[in-house]
Amino acid sequence: MRPPSIQVEPVSTPSLCRAVAPVFAEMLAHYHRATEDVGAIERFLAEHLLDPARTVEMVVARTADGAVLGFASYAIVIPGGGLAAELFLKELYTAEAHRGLGAARALMRALAIAARDRGCGRMRWTTGREDSYKAARRLYDSIGGRVQEDAILYAMPREAIDALADSAI
């Protein structure tokens, strides 16, 4: 089978939020955070991606006929090393039915273009250590990504956020 022609574009319209929502739902299920309400996902995406004051951006990889292959959400943050910004990739997800077609590489290329165009000194992201992430790590290695051994990733669940926010100074 010949790989499809892949187009990458920003998720910047309600119709693109609607198109991405089912793949977003698949991603949530993949991470065991499933929701059946694709309409709620569509509203969530629109709230965070269509607001002019947004702090996160998303690009979508689609075939020429509009089928969604995957998406990547990211933010430009500072500092990113010296006086340069950094593109932080929060999530890259390719729909299971479309893996191996080049969508993830196309998304990473689009992010590299965005990082370069916005003056970023680097891109940063995380990935899993489990065997199920081997293909992702191979891609990241092949495009010039380097494992950063000197960093530890922290996450704070909502309960801890609330406890800290409500605590005394």
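Start by selecting Phe88 and Arg124: Phe88 stands opposite Arg124, which belongs to strand E5. Keep in mind that the model is predicted.

Next, widen the selection to residues 85-94, strand E4, and residues 120-125, strand E5. The two strands run parallel and are joined by 5 bridges. Now add residues 103-117, helix H3, through which the chain crosses from E4 to E5. This β-α-β crossover is right-handed.

Stay in this region and turn to the largest pocket. To find its centre, select Trp125, Thr126, Thr127, Gly128 and Tyr140, the nearest of its 49 lining residues. The space in this pocket comes to about 1900 Å³. Show E4, H3 and E5 again and add helix H4, residues 134-142; each of these elements gives at least two residues to the lining. E4 supplies the largest share, with 7 residues. Colour the lining by class and you should count 24 nonpolar, 11 polar and 14 charged residues.

Then move to the second largest pocket, which holds about 370 Å³ of space. Select Phe24, Met27, Phe44, Ser73 and Lys90, which are the closest to its centre among the 16 residues that line it. Two or more lining residues come from each of helix H1 (14-30), helix H2 (38-49), strand E3 (68-77) and E4. Which element gives the largest share of this lining? Select H2, which provides 6 residues. Coloured by class, the lining of the second largest pocket shows 11 nonpolar, 2 polar and 3 charged residues.

To end, display E4 alone: E4 contributes to the lining of the largest pocket and also to that of the second largest.

How values were computed: Residues are numbered from 1 along each chain as its sequence is written. This is a predicted model: local features need pLDDT of at least 70, side-chain atom pairs count only at pLDDT 80 or more; totals for chains, interfaces and linings use all residues. Side-chain values use heavy atoms; hydrogens and water are left out. Two strands pair if DSSP finds at least two bridges between them. Helices (H or I, at least four residues) and strands (E, at least two) are DSSP runs, numbered from the N terminus. A crossover is right-handed if, with the strands pointing away from the viewer, the path from the first strand over the helix to the second runs clockwise. On a 1 Å grid over the protein atoms alone, a cavity is a set of points where a 1.4 Å probe fits but cannot get out, and a pocket is an open set with protein on both sides within 12 Å along at least five of seven lines; lining residues have an atom within 4 Å of a point. Grid points are joined across faces, edges and corners, and a volume is the space filled by probe spheres set on the points. Ala, Val, Leu, Ile, Met, Phe, Trp, Tyr, Cys and Pro count as nonpolar, Asp, Glu, Lys and Arg as charged, and the others, Gly among them, as polar.
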